[in-house]
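Q: Could you take a close look at one part of this model for me, namely its interior? I'd like to know what sits in there and what it touches.

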Amino acid sequence: MKTKVKSWVRQERNMAGFKDKFPTATPEVAARKSPYRPTLPSPDGDSNPFAKQLASGDKDVRDATFAALAKWLGAKAGAIEVLDMKKIWKGLFYAMWHADGWDVQEEVAEQMASLVHKLKHKVALSYVGVFFITARREWVGIDRHRMDKYLLLVRRVTSHVLRYCADRAWATGVVTDVAEMLMRTALVPGGKSEQGVVDIGLRLHVAELFMPELRKVAAGKDDIEVGCDRDKENEANGGAPRTVFKKRAGEAGGASDAAGGKSPGGKHHK
């Protein structure tokens with residue numbers, strides 16, 4: 001009769017004598033002695049190093065690069081090449097991917113969206129338009145664990161675009177340009193390059209949030225405080241998931257109610 005050996009015993013036997021054949025642990029990265037200085041595009045425009053730096057796994061690199069990007073875009077008077085803007089948004093998209101924690105995600109989304117107010121008109125249209133093009137292209141690859149932060153980013157970008165129009169007294173020319181940009185890039189895209197893009201979720205999300213955000217902007221209630229308030233069931237930013245909050249001592253409900261889709265008061269919420 002063959003004796004059954006436990007799995008952990010078998011594993012120890014198999015690993016015996018192989019300790020030196022595995023690579024050593026990754027050495028710790030030394031702390032940076034001076035603030036990171038991002039690489040800027042060359043004057044002749046042959047290279048655009050922003051994307052790689054914005055997608056870095058080092059938060060200090062991402063923060064410094066975004067600050068440099070804001071200054072670089074703000075200094076541009078004319079329209080930027082679509083390819084260059086696509087590279088920039090590819091990096092920004094993955095900078096959002098690296099953002100962990102609701103407070104951090106909220107801050108990053110607000111920084112990216114509010115940048116539109118510092119740009120010239122043509123650059124602002126290109127910045128927002130290419131954001132929606134990038135979001136539509138990448139939408140199908142976003143997993144359910146990261147979807148909330150991209151829904152938040154879309155909401156904040158849409159809100160700031162409407163605020164951009166409001167700050168210019170809803171001028172006919174500005175509103176027309178913004179409406180055409182949103183139609184072509186977010187709601188009713190067309191062209192051969194759009195074939196096969198699975199973006200219905202993004203388009204429905206924009207259609208759903210557009211009127212509520214427009215009402216907030218028209219009423220002057222679109223400003224938000226970055227950071228989660230656990231006592232607000234539905235913040236101006238679309239509402240923070242209650243699962244991110246710790247239950248207070250003696251509080252009924254909590255995570256179990258949140259998992260079931262109900263607040264402690266018994267009301268359903270998204």
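A: Let's settle one term up front: a residue is buried when its relative accessible area is under 20%, exposed when it is over 50%, and partly exposed in between. Keep in mind as well that this is a predicted model.

With that cut-off in hand, start with glutamate 213, which lies in helix α9. Its relative accessible area is 0%, so glutamate 213 counts as buried. What does the side chain of glutamate 213 meet in there? The partner is the side chain of arginine 155, joined to glutamate 213 by a polar contact of 2.7 Å.

Now for the nonpolar surroundings. The largest nonpolar core runs to 53 residues, and Leu69, Leu73, Leu92, Met112, Tyr127, Phe132 and Val178 are the ones with the most contacts inside it. Plenty of helices feed into this core: α2 (50–54), α3 (59–74), α4 (82–98), α5 (102–114), α6 (121–138), α7 (147–166), α8 (172–187) and α9 (200–218) each give at least two residues to it. To get a feel for the packing, pick Leu69. Setting aside residues up to four places away in sequence, Leu69 touches Phe50, Leu54, Ile88 and Leu92.

Two of those neighbours, Ile88 and Leu92, are also on the list of buried residues of α4, along with Met85, Trp89, Gly91, Phe93, Ala95 and Met96. That spacing is worth a second look on screen. An α-helix has 3.6 residues a turn, so residues three or four places apart point the same way. The cover over the buried residues of α4 includes α2, α3, α5, α6 and α7. As for the geometry of α4, its 17 residues should span 24 Å at 1.5 Å a residue, and the end C-alpha atoms do sit 24 Å apart, so the two agree.

Back to polar groups, this time in helix α2, where you'll find glutamine 53. Glutamine 53 is buried, because its relative accessibility is 7%. Its side chain has a polar contact of 2.7 Å with the side chain of tyrosine 36. A polar atom of that glutamine 53 side chain also lies 3.0 Å from the backbone oxygen of proline 49. Beyond neighbours within four places in sequence, glutamine 53 is in contact with Tyr36, Pro38, Thr39, Val61, Arg62 and Thr65.

Next, the charged pairs. Side chains of opposite charge can pair when their charged atoms come close. Here the count of salt bridges is eleven. The one to zoom in on is between arginine 136 and aspartate 199, with the closest N and O atoms 2.5 Å apart. This pair ties together distant parts of the chain, since arginine 136 is in helix α6 while aspartate 199 is in the loop between α8 and α9, 63 residues apart. Are the two partners buried or exposed? Arginine 136 is buried, because its relative accessibility is 2%, and aspartate 199 is buried too, at 4%.

Step along to arginine 137 and the picture changes. Arginine 137 is partly exposed, because its relative accessible area is 36%. It forms a salt bridge with glutamate 138, at 3.6 Å between the closest N and O atoms. Glutamate 138 has a relative accessible area of 12%, so it counts as buried. Lys90 comes in here as well: Lys90, Arg137 and Glu138 are linked in a network of salt bridges. For a pair outside the buried class, try aspartate 143 and arginine 146, whose side chains meet in a salt bridge at 2.7 Å, N to O. Aspartate 143 is partly exposed at 24% relative accessibility, and arginine 146 is partly exposed at 27%.

One last stop, at the edge of the interior: the loop between α7 and α8, which holds tryptophan 170. Tryptophan 170 counts as partly exposed, because its relative accessibility is 37%. Even so, leaving out residues up to four places away in sequence, it touches Leu162, Cys165, Val175, Leu214 and Val217. Check the backbone while you're there: tryptophan 170 has a positive phi of about 55° although it is not a glycine. Alanine 169, in that loop between α7 and α8, has a positive phi as well, near 60°. With a relative accessible area of 63%, alanine 169 is exposed.

Notes
Residues are numbered from 1 along each chain as its sequence is written. This is a predicted model: local features need pLDDT of at least 70, side-chain atom pairs count only at pLDDT 80 or more; totals for chains, interfaces and linings use all residues. Side-chain values use heavy atoms; hydrogens and water are left out. A nonpolar core is a set of buried Ala, Val, Leu, Ile, Met, Phe, Trp, Tyr and Cys residues joined through side-chain atoms within 4.5 Å. Buried means under 20% relative accessible area, exposed over 50%, partly exposed in between (1.4 Å probe, protein chains only). Helices (H or I, at least four residues) and strands (E, at least two) are DSSP runs, numbered from the N terminus. Contact means heavy atoms within 4.5 Å. A polar contact is a pair of N or O atoms within 3.5 Å; within protein, one must be able to donate a hydrogen and the other to accept it, and residues adjacent in sequence count only if both atoms are side-chain atoms. A salt bridge is a side-chain nitrogen of Lys or Arg within 4 Å of a carboxyl oxygen of Asp or Glu. The expected span of a helix is 1.5 Å times one less than its number of residues.
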